[in-house]
Amino acid sequence: MIRAKLMGTLCAAFCLAAVAGDAVQARDGDRRGDRHRNVFVVKLDSFQEVPTLVTPGSGSATLRIDGSTIRYTLEYRATESTVTQAHIHIGRPAVNGGISAFLCTNLGNGPAGTPACPKSGRVSGTIRQATGPEAQGVDNIGELIRAIRAGAVYVNVHSAKYPAGEIRGDVHRHGHHH
């Protein structure tokens, strides 16, 4: 009887220590999450396009929210044809949506200061205003930032062969990758 009581007490002590350890770890994780909650890294490929494509193209994008601006770096390679433009679109995974911000363009259709798209490689810039889509409730940079944080945007790289988009990457909320 005493032995069973002692085992129960030891178990309770170890269980409490384990729970406390998990709580400390979760708190540390939350602190790290706060530091990185303004940085979103997106992997791009043709399989995320709607409808799905099969091309060798791939890439990545990093979005950094800094107050009321978004600094970005976009990299891509091996697209099947010349890249024409790239954007941030409003839309959940597997859903197409309107353009909210230009990342690069070779069509002369972006806001002043939009960089040209390289044949392949890297392009960077700063977004200070959203171009819409007003039909989806976005008419300022704050609403675009809200959509990014909610995981309701995707990055799309358009090419001559695939004008609707050749490679795409959905932005996920921190810790909510699918």
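**Exercise 1. Work out which way the side chains of strand β1 (residues 39–45) point, and which strand pairs with β1.**

Step 1. Along β1 the side chains alternate, with F40, V42 and L44 pointing to one face, where they are buried, and V39, V41, K43 and D45 pointing to the other, where they are not. Here buried means under 20% relative accessible area, exposed means over 50%, and partly exposed lies in between, with a 1.4 Å probe and protein chains only. The model is predicted, so that local features need pLDDT of at least 70 and side-chain atom pairs count only at pLDDT 80 or more, while totals for chains, interfaces and linings use all residues. Residues are numbered from 1 along each chain as its sequence is written, and side-chain values use heavy atoms, with hydrogens and water left out.

Step 2. The partner is strand β2 (residues 58–66), which pairs with β1 in the antiparallel sense over 7 bridges; two strands pair if DSSP finds at least two bridges between them. Within this pairing, V42 stands opposite A61 in β2.

**Exercise 2. Describe the overall make-up of the protein, beginning with its helices and strands.**

Step 1. The secondary structure comes to 2 helices and 8 strands, where helices (H or I, at least four residues) and strands (E, at least two) are DSSP runs numbered from the N terminus. Read from the N terminus on, the elements run α-β-β-β-β-β-β-α-β-β.

Step 2. Of the 178 residues in the protein, 38% are buried. Among contacts between residues at least 6 apart in sequence, 59% join residues at least 24 apart, a contact being heavy atoms within 4.5 Å.

**Exercise 3. Locate salt bridges in the structure, and state how accessible the residues in them are.**

Step 1. The structure holds 4 salt bridges, each defined as a side-chain nitrogen of Lys or Arg within 4 Å of a carboxyl oxygen of Asp or Glu. Three of them are treated in the steps below, including the one in which the side chains of D66 and R71 meet at 4.0 Å, N to O. D66 has 43% relative accessibility and therefore counts as partly exposed, and R71 is also partly exposed, because its relative accessible area is 41%.

Step 2. R122 forms a salt bridge with E75, and the closest N and O atoms are 3.1 Å apart. This pair links distant parts of the chain, since R122 belongs to strand β6 (residues 121–127) and E75 to strand β3 (residues 69–77), 47 residues apart. R122 counts as exposed because its relative accessibility is 56%, whereas E75, at 28%, counts as partly exposed.

Step 3. The side chains of K161 and E80 meet in a salt bridge at 2.9 Å, N to O. This pair, too, links distant parts of the chain: K161 is in the loop between β7 (153–159) and β8 (167–170), and E80 is in the loop between β3 and β4 (83–90), 81 residues apart. K161 is partly exposed, with a relative accessible area of 49%, and E80 is partly exposed as well, with 34%.

**Exercise 4. Trace the surroundings of N156 in strand β7, and then the pairing of β7 with β8.**

Step 1. N156 lies in strand β7 and is buried, because its relative accessible area is 2%. The side chain of N156 reaches the backbone oxygen of A164 at 3.2 Å. Leaving aside residues up to four places away in sequence, N156 touches several residues, among them E49, Q85, H87, H89, A164 and R168.

Step 2. β7 and β8 run antiparallel and are joined by 4 bridges, and V155 has G169 as its bridge partner in β8. Both faces of β8 are covered, with I167 and G169 buried on one side and R168 and D170 buried on the other.

Step 3. R168 also lies over the face of Y154, at 3.4 Å from the ring centre; a charge sits over a ring if NZ of Lys or CZ of Arg is within 6 Å of the ring centre and within 35 degrees of the ring normal.

**Exercise 5. Place A78 in the structure and list what A78 touches.**

Step 1. A78 is found in the loop between β3 and β4 and counts as partly exposed, because its relative accessibility is 40%.

Step 2. The C-alpha atoms of A78 and T55 are separated by 8.4 Å, and the two residues are 23 residues apart along the chain. Not counting residues up to four places away in sequence, A78 touches P56, G57 and E166.

Conventions:
A polar contact is a pair of N or O atoms within 3.5 Å; within protein, one must be able to donate a hydrogen and the other to accept it, and residues adjacent in sequence count only if both atoms are side-chain atoms.
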